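Reader: Could you take me on a close look at a single part of this model, one of the sheets? After that, feel free to wander outward to whatever surrounds it.

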Amino acid sequence: MTAALAFVDIAHRFGELQALQQVSFQIAAGDILCLLGPSGCGKTTALRIAAGLERPHHGLVQINGRTVSGNDGFVVPEARGVGLLFQDYALFPHLTVERNVLFGLKGLPAAEQRSRTRYWLQRVGLWDRQKAYPHMLSGGEQQRVALARALAPQPAVLLLDEPFSNLDSQLRYQVREDVLRTIKDMDTGTAALMVTHDPEEALYMGDQIALMDKGRIIQTGTANDLYCQPLNPLVATFFGSVNRFSSDVQAGHVATPMGALPAGHLTDGTEVDVLVRTEGIGLAAQEGNDPAPNAIISTIRRLGQISRIDLQTLPETGFDCSLTVHVLGPTAYQVGDHVKLILDSNLAFVFPVQVSGDSQSD
Amino acid sequence: MSDAVSVPQTLTEQPADKPSRAGSFALPAGFGFSAVIVLLVITPLLAVLSYIGSPTDGLWSHLVETRLGEYLSNSLILLVGVSSLTLVFGTGCAWLVTMYQFPGRTWLEWLLVLPLAMPTYVLAYTYTDFLQFTGPMQTLLRGLTGWGWQEYWFPNIRSPGGAAFVLAAALYPYVYVAARAAFLAQSVCALEVSRTLGCTQRSMFWRVGLPLARPAIVAGTLFVLMESLADFGAVSYFEVNTFTTGIYRTWYAYGNPAAAAQLASVLLLFVYSLLLLERWSEGQRRFNQTSSRYRPMPRFALSKHWARAATGFCLLPLTAGFILPATILGSMVWHAQDVLSLSRLAQLTINTTLLGLITCAIILTIGLIAVYSMRRDQHPLGRVLMRLALLGYATPGVVIAVGLLIVLGAVDRGLNYALSQTVGGWQPGLILSGTLVAVVYGCSVRFFAVAYSPLEAGFKKIRPNVEDAARTLGAKPPRIFRAIHLPLLKGSLLSAALLVFLDVMKELPATMILRPFNFDTLAVEAYQLATTERLDGAAGPALIIVLAGLLPVIMLCRQLARSRPGSGHDESE
Amino acid sequence: MIRSISIGITMLSLLAVGAVNAQEVNVYNSRHYGSDEQLYSAFTEATGIKVNVVEGKHDELIQRLANEGENSPADVLITVDAGRLALAASKDLLQSVETPVLDKAVPEHLHNPDHLWYGLAVRARVLVYTKDPERLDPAILSTYEALAEPEYKGKVLSRSSNNVYTQSLVASVLAANGEEKTLEWAKGVVANFSRPPEGGDTDQIRAVVAGQGDVAIANTYYVGRLLNSKKAADREVGEQVGVFFPNQDGRGTHVNISGAGVAKHAPNRDNAIKLLEYLVTDGQRYFADVNHEYPVNPAIQPHPTLAEFGEFKQDTLNASTYGENAAEAVKLMDQAGWK
């Protein structure tokens, strides 16, 4: 089955700046791929290349198996059949909501234009605002109009450029859900490429996530892949706070304050970084001195859904470090309690120390 | 950046890292195209400057010994006088009508633009007639006091100071309009924040309002300066010898085109450096409106005393630039014995309007193409070049006209030669010279800047994302231009058209020299009658220029009122 | 796009207008007086030839004629100053025309020796003085040269050196007295100015009446115009001044000649000649009666107002000399500080 959108070894340069290198991915029809990364990592450039607003210096872009950018030629944006949803909505300020949506339907029979406009405006719940001008709408409404406008021509690919970043947090969740459902409900097999810097958003929206840094894709996979099997510390740290400490491999295992971890294929003596997600450490109930405690609670912050507990390892563990643990719901522990920490080895990762490794951590 | 309520209509420039926008827009590469336009616009100037190399027969040493000092000092007095007067009154009135409530404010707000309809030379005629020694004012004074010649002091209107006064009275609306638009556009939030930080109402003007509006005010003042330097009608009537009249005198009275071209090049070089300086300072301090919310500007109430002072302050330039001269003109027409026939006046009006409309259409088309191509391909050299094309506005109409005579004459000779060689000896005679084409060309060179600036500003306000959105929705460039750019530029286009129309209607020297047979305009007729000392007759056409200018001026006012951000100009559609 | 094409078509059709019309004559005219329209329509009535006009300043019209070259549509060049006609002749822009009518109508000294141009009307540059004997004793009036004498201190009114009449007058003084004396004279006149030069001829005359000065240099027809004005106030001004013809004992009073010549490449040469002939015969009435100029044709009587000024001796210096001397005259005035 051909991918709805495929990038094959795309490279792009702005003057001296290497914006993209060896970028390849595929999106299956009906799927959503999130390009995730810090600002300046090249994700927006990749999106513009998909739209045809930039012409890459190297590589192929294919939409539904048709090469739209490559050595053999270049298809201009207006002929690509892509929809684009901007961070600032980019509604046409001089056109009504209805005419904004109609804009992309030129060439269809008039009746078809009307029915599709009606369908989409009803779909996003703005049919009653069809005669309004964009500046008369709220930000969320504008975004929904922009979505209707982008989807009405039934594009093969929908491109979303930080689509929710201008909305406040309450509205963001709602619009996000609307957009996700709308895309998923489409029977046209429209695939989506979404650019975001928000990992939570990527995890929520993406069937697949491609994490980018400095113009390259570091890891592509499902939300679960990236969360549970990060390929390097950067990926691990990008999706949430981690505890990090240094160790080395001994007898195929790596020692931690909470016990040993298997070292996998790493040879003995390798210096390693151990990253443990804050929710990868559990606290065991304490009955006297059994099991033997290995940490003491220094602070507790109750944040509603979760509680954040900071701990200091006890000297008998052989480690002297502070750890942070997230537990669900309110907690009965008090500051000064001695506790036993239990490690979830699925959420602990061992990486050999990179000489110039990225030390991004919490 | 979580602004859920309003459209973030920030004036963001395109990020610098997007030079190579892909795609094949309908127009050829922008830089090449704008270069052609610039070339077309400056060709007449180059034709005049081409005389620079020829010998000047020692005229320079004669000029330096005799006239040059006068040209320099008079031009300098004009520059300083006109810019300070227009700055004080243009900016001051704009701030008052924007920020304060006082009697007559709503009327003054648009009345202050009226002098745009008043040509500088008409102001010169009326003020001279009114204020000179033999005029009604001084005659009355002498009659009342019994004083005689040299027994009292009275300011001489025919002086550099008088010229500065007249030019400022006619031109201050350029600064007023620019400053008012800038004051209206500034965010109320910035002003309110400044007050919480301890700014008084008055210091708010100096510390927040003025600095934020500075680029617009500088641009407006630059326009005024260019127009003042290029003025011929008023200063020559006043016998105030400036660089412009000096160029004319050197070319014709001395019969020395080389020295005239050299004088002209000094003038143009000066203006060009001003233009680059403005560009540079704008680049140094580019303001982006950080807040995107526009609420109706709350106007401060003034105490009775201050309110009267504000009304008086705003009435000063309006009276000087419109009320008084229009009244004098009206009374001249009323008392005139030697008036033009109605059919003659009608013919003059038709000619003037025709010329204005054609020139408008041409300049706007060229201006749109130029701005559009500049937007597509942001070649830095293109921007510097485009400044060259704006020079026409600072070039005296006579210089442009002479340049065009040279260029079009050569083109016609070339065409005739080519045709006689190819089409069996057929010689059509003049194809361009002495036709409406020549006049329109001349006016286009002169007023390109007038159209270019508002169009450039208008285009800047259209976010690139809107174009990108349109493209991904399947619109090809012509449709984007038609369906997105044109409607969004409607306001800018209208402003540009009205300004060009007003300017063409008032234009004198280029029209006069380049026009075809039997093609008199109101301005030409008024000038001819005035210079042959029949002000009676001149008053009629002059008054019609003013009256005909009122309509575009009023439309301009409406346009300005609607263009305010947040005023929701789209709702009316 | 469609709009710009239609504009193009409109403009082309405008071009076509006037391109081919058998019975017409094209005039470049730097004389613009109220009589013009009557004059042209009378000519059209008499001959059936339509007159097309571009009016402008003489210098610019000559420049235009020169740049248009052999393609120029102009048939006739008319200027208010013979010096400029001479300039056009020296640039080879005019052609020689000789007909019995022209020969008979225009006296020898009022046309170019090579018949390149003919005078149409004469205006004398005279001294206009106040009739108030307390302010000025008319007996002291004698010559242009005398205006530099100390007795005129603070009395003299003149136009600026930008004005072509002033330039021609000084050019004629230069021809008569030479460079050195003319500079001396110009300095003397400047020293006697009652105020810096400003305004037009009428302004000078009004200034005399208002008391700004006692003697003004002005053209005769401006006095005639004031005396025959429909406004009482103007007539009153005219009546308070006297007209004095200077240099009657010497070379005569400086006169300015309005003149016309046939353009070198005139496409309607015959019509041009007809216009010229009309202007020096029947057309003379308009110069004399409407504009108060002295007709060149001895057969035509000047306006009664001018007749009242009396007969006078004209400086017969050929107008070509003004043209040749003009640039030099302007430089001398610069040096003398003549504004």
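**A sheet in chain A, and outward from there**

Author: Let's start with the sheet in chain A that runs in the order β14-β13-β12-β15-β21: it is an open sheet of 5 strands, and the pairing is antiparallel. Its edge strands are β14 (259-262) and β21 (348-352) of chain A, each of which pairs on one side only. Going from one strand to the next, the twist averages 35 degrees. Keep in mind throughout that this is a predicted model.

Zoom in on the β14 end. The partner of β14(A) is strand β13 (residues 253-256) of chain A, and the two pair in the antiparallel sense over 4 bridges. If you want a spot to click on, try A255(A), which stands opposite A260(A) in β14(A). As a general reminder, strands of a sheet pair through backbone hydrogen bonds, either parallel or antiparallel.

Chain A has another open sheet worth a look, also of 5 strands, this one in the order β2-β1-β4-β5-β6 and with antiparallel pairing. Here β2 (17-27) and β6 (73-74) of chain A stand at the edges with a single partner strand each, so one side of each has no neighbour in the sheet. Further in, strand β4 (residues 58-63) and strand β5 (residues 66-70) of chain A pair in the antiparallel sense over 3 bridges. The residue pair to find there is V61(A), standing opposite S69(A) in β5(A).

Now step back to chain A as a whole. Chain A has 8 helices and 21 strands, and its C-alpha atoms fill a box of roughly 80 × 45 × 35 Å along the principal axes. Of the 362 residues in chain A, 43% are buried. Take the contacts in chain A between residues at least 6 apart in sequence: 65% of them join residues at least 24 apart.

From chain A we can cross into chain B by way of one glycine. G474(B) has its place in the loop between α18 (464-472) and α19 (477-506) of chain B. Leaving aside its neighbours within four places in sequence, G474(B) is in contact with E78(A), G104(A), K106(A) and P153(A). So is this loop glycine buried or exposed? G474(B) counts as buried, because 20 other C-beta atoms lie within 10 Å and the cut-off for buried is 20 or more. For a sense of how far chain B reaches from there, look at Y254(B): it is 220 residues from G474(B) along the chain, and the C-alpha atoms of the two are separated by 64 Å.

Within chain B, have a look at how two of the helices pack. Helix α3 (residues 68-99) and helix α9 (residues 201-230) of chain B pack at an angle of about 140 degrees, with their axes 9 Å apart. That angle makes α3(B) and α9(B) oblique to each other, and α3(B) passes α9(B) in a right-handed crossing. On the α3(B) side the contact includes S75(B), L78(B), V82(B), G90(B) and W95(B), and on the α9(B) side the residues include F205(B), G209(B), I217(B), G220(B) and L229(B). By class, this contact of α3(B) with α9(B) has 10 nonpolar, 9 polar and no charged residues.

The last stop is where chain B meets chain C. Of the 2 pairs of chains that touch, B and C have the most contacts. Chains A and C, on the other hand, are joined by no contact, and their closest C-alpha atoms lie 22 Å apart. The contact between B and C takes 48 residues from chain C and 41 residues from chain B. On the chain C side, the elements giving two or more residues are α1 (2-16), β2 (50-55), α3, α8 (201-210) and α14 (320-336) of chain C. The residues on that side divide into 14 nonpolar, 19 polar and 15 charged.

One helix pair spans these two chains. Helix α16 (residues 397-422) of chain B and helix α3 (residues 58-68) of chain C have axes that come within 8 Å and cross at roughly 20 degrees. That makes α16(B) roughly parallel to α3(C), and α16(B) passes α3(C) in a right-handed crossing. The residues that meet are V402(B), L405(B), I406(B) and G409(B) in α16(B) and Q63(C), R64(C), N67(C) and E68(C) in α3(C). Sorted by class, the contact of α16(B) with α3(C) has 3 nonpolar, 3 polar and 2 charged residues.

Methods
Residues are numbered from 1 along each chain as its sequence is written. Chains are lettered from A and ligands numbered from 1 in the order in which they are written. This is a predicted model: local features need pLDDT of at least 70, side-chain atom pairs count only at pLDDT 80 or more; totals for chains, interfaces and linings use all residues. Two strands pair if DSSP finds at least two bridges between them. Axes are lines fitted to C-alpha atoms, for helices over the stretch in contact, and angles run from 0 to 180 degrees between N-to-C directions. Angles under 35 degrees count as roughly parallel, over 145 as roughly antiparallel, 65 to 115 as roughly perpendicular and the rest as oblique. A crossing is left-handed if the near helix is turned anticlockwise from the far one by less than a right angle, and right-handed if clockwise. Two residues are in contact if their C-beta atoms, placed from the backbone, lie within 7 Å. Ala, Val, Leu, Ile, Met, Phe, Trp, Tyr, Cys and Pro count as nonpolar, Asp, Glu, Lys and Arg as charged, and the others, Gly among them, as polar. A residue is buried if 20 or more other C-beta atoms lie within 10 Å of its own, exposed if 12 or fewer, and partly exposed in between; C-beta atoms are placed from the backbone.
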